[in-house]
Amino acid sequence: MNITFAKIAVPAQGAVVFGVPEGTKSGVKLPPAAAKFDKQTKGALSRAIKAAEFTGKREKTLVIVAPAGAKVNRAVLVGLGNPKTLDETAAERIGAVIYDAVQRDAAAAVILEGLGGATATVAGLAAHVGGGAALKSYRFTKYRTKEDNDAKPRIKTVTIQTDDPAAAKKSYVAVGAVVAGVGITRDLITEPANIIYPESFVARAKDLAADGVKIDVLGVAAMKKLGMGALLGVGQGSVRDSQLLVLRWDGAADKKAAPLAIVGKGVCFDTGGISLKQPSGMWDMKWDMGGAGIVVGLMRALAQRKAPVNVVGLCGLVENMPDGNAQRPGDVVTSMSGQTIEVLNTDAEGRLVLADVLWYAQDRFKPKAIVDLATLTGAIIMALAEHYAGLFSNNDALSEQLAAAGKAVGERLWRFPMGDEYDKDLRSPIADMKNIGGGKAGSITAAQFLQRFIKAGTPWAHLDIAGVVWNEKGTALAPGGATGYGVRLLNRFIAENYEK
Ligand code: BES
Ligand code: MN
Ligand code: ZN
């Protein structure tokens, strides 16, 4: 689907969309272009508004099919709410509901008069309306050999009316970069595990070379040399070789300046290993590489918008399988940090992978800060459902920056406590630690485990995203399935805090 910006009037076909500011009790006031259309159609809009009790509430739509006296297939009214409080994220969500209303027409003209509040420029808001429509239009249909024609979206172009198309197009460069990033993240997450495994994940990520991202890959032999016994132990039951993928975007003026490191859990399939999971729902574990998928999408977004910042993205890619060569419950492995781990539950594998990748990230890149993303625990879903991801950190300032960015883009984070009381749960009788806690506060003990691989003085945050990577019903900006959660959040976090 194309997103374009132009000075346009009501078209002669397809759909026309009018933005309507929220009204008072005495009714809504149509902006000039909508009022003119209403007159031309002898009151089609005002009659529908009355009948449907449409008030212009933000994100509400009212569709009038084939209005008499006009040539369009449908006229859509979209509620803008109070235009003064309309920010970029609100604009994206409005774009998403517009997409849903017009997707069965071949083209749509979007006329949102009165855009431009206190927080963003008119051009920026127009660009984000386009971005929201593009995000919501995501489809993954490559494995369908036939599709019901009635359900198929037809929309080819959404044109957004603006007095300054050049400025909107310019704003859309950065918005489109994020849309592209979210797109590759969703693709990687949606692909089944027979298609995306560590080596094929790396092959896909190599597409980012075209964006100017530098790519390094460590195979099993290189990781063995570095002593990554924790990560390699997880992958040893799989016929697929484990991989450590390193993506670098050095966009800062000083290319040698210490980077920010973003680390993703990339368990391409998590059977649980010898501590095998229940069959029911095990298919969800194809998206246990969601953290790594976000890292790839974020790096694409940063590179395509040429962000003035140095960021290194690291993906620990493994497959957790039961097999004659798989690790056993009770095995002791030695991590790259030198610390030993008693693996009591082979299904607590994400933390083992991250232990070595976090250590490597610090050892090799001396980053300013590290943020990791991982579908780490089922317990975080019990605590927060799909509405927030869990935030765990050793640094208040970093936590606040992340939470603020999440709030701004509608990908919310909730911080959990950490402390010695929880860390004690990880004591092992024969090794430096075990890989599970005592059964209570499982998301926190998992975070405590990770913190044992963070060097003193490194600001670090862990995002437990098990509840937010996949959403069957869809979210404001996603059609259902892989949400792409995290790309917009981290893009915002980096833009606000690391690009000055
Ligand atoms: N990948 C899972 C966590 C998960 C569960 C993600 C559901 C998404 C949806 C993780 O590897 C896991 O199995 N965690 C265990 C840890 C336990 C054995 C300590 C869990 O949460 O049950
Ligand atoms: Mn697991
Ligand atoms: Zn897992």
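What is the volume of the largest cavity? The tour reaches that point at its end and begins with the sheets. The structure on display is a predicted model.

**Stop 1: the six-stranded sheet**

Select the strands β1 to β6 and orient the view so that the sheet faces you. These six strands form an open sheet with mixed pairing, in the order β1-β6-β5-β2-β4-β3. At its edges stand β1, residues 2–6, and β3, residues 61–65, each of which pairs on one side only. On average, neighbouring strands of this sheet are turned by 20 degrees against each other, direction ignored.

Start from the edge strand β1. Its neighbour is β6, residues 157–161; the two run parallel and are joined by five bridges. To locate this pairing, select Ile3, which stands opposite Val158 in β6.

Continue to β5, residues 107–111. Four bridges join β5 to β6, and these two strands also run parallel. Here Ala109 stands opposite Thr159 in β6. Colouring by accessibility shows β5 to be mostly covered, with four of its five residues buried.

Next, select β2, residues 15–21. With β5, strand β2 pairs in the parallel sense over four bridges. Two residue pairs mark this register: Ala15 has Ala108 as its bridge partner in β5, and Val17 has Val110. On its other pairing, β2 is joined to β4 in the parallel sense over seven bridges; there Val16 stands opposite Ala75 in β4. In a regular strand the side chains alternate between the two faces of the sheet. How many of the seven residues of β2 are buried? Six are, and the strand is thus described as mostly covered.

**Stop 2: the helices on this sheet**

Add helix α1, residues 32–40, to the selection. Helix α1 lies across β2, β4 (74–81) and β5, and runs at about 120 degrees to β2. Then add helix α2, residues 44–52, which lies across β2, β3 and β4 and runs at about 130 degrees to β3. Both β2 and β4 are therefore listed under α1 and under α2, as a combined selection will show.

**Stop 3: the eight-stranded sheet**

Now move to the open sheet of eight strands, whose order is β7-β8-β10-β9-β13-β17-β14-β15 and whose pairing is mixed. Which strands stand at its edges? They are β7, residues 214–218, and β15, residues 413–415; each has a single partner strand, so one side of each is left without a neighbour in the sheet. Neighbouring strands here are turned by 20 degrees against each other on average, direction ignored.

Within this sheet, select β13 (residues 369–374) and β17 (residues 460–464), which pair in the parallel sense over five bridges. Leu373 stands opposite Leu463 in β17.

Two helices deserve display at this stop. Helix α10 lies across β7, β8 (243–250), β9, β10 (310–320), β13 and β17, running at about 155 degrees to β9. Helix α14 lies across β13, β14 (389–393) and β17, running at about 145 degrees to β17.

**Stop 4: the largest pocket**

Keep α10 and α14 visible and turn to the largest pocket, with a volume of about 580 Å³. Its lining comprises 28 residues, and those closest to the centre are Lys277, Leu376, Thr377, Gly378 and Ala379. Selecting these five centres the view.

Which elements each supply at least two residues of this lining? They are β9 (260–270), α10 (350–365), α11 (379–384) and α14 (442–451). The largest share, three residues, comes from α11. By class, the lining divides into nine nonpolar, 10 polar and nine charged residues.

**Stop 5: the cavity**

Rolling a probe the size of a water molecule over the atoms shows where empty space is left. The count comes to one cavity of 30 Å³ or more. The opening question is answered here: the largest cavity has a volume of about 30 Å³.

To display its walls, select Gly233, Val234, Gly237, Gly273, Ile274, Asn320, Met321, Ala326, Gln327 and Thr346. This lining has four nonpolar and six polar residues, and no charged ones. Charged residues do occur in the lining of the largest pocket, where they number nine.

Methods
Residues are numbered from 1 along each chain as its sequence is written. Chains are lettered from A and ligands numbered from 1 in the order in which they are written. This is a predicted model: local features need pLDDT of at least 70, side-chain atom pairs count only at pLDDT 80 or more; totals for chains, interfaces and linings use all residues. Side-chain values use heavy atoms; hydrogens and water are left out. Two strands pair if DSSP finds at least two bridges between them. Axes are lines fitted to C-alpha atoms, for helices over the stretch in contact, and angles run from 0 to 180 degrees between N-to-C directions. Contact means heavy atoms within 4.5 Å. On a 1 Å grid over the protein atoms alone, a cavity is a set of points where a 1.4 Å probe fits but cannot get out, and a pocket is an open set with protein on both sides within 12 Å along at least five of seven lines; lining residues have an atom within 4 Å of a point. Grid points are joined across faces, edges and corners, and a volume is the space filled by probe spheres set on the points. Ala, Val, Leu, Ile, Met, Phe, Trp, Tyr, Cys and Pro count as nonpolar, Asp, Glu, Lys and Arg as charged, and the others, Gly among them, as polar. Buried means under 20% relative accessible area, exposed over 50%, partly exposed in between (1.4 Å probe, protein chains only).
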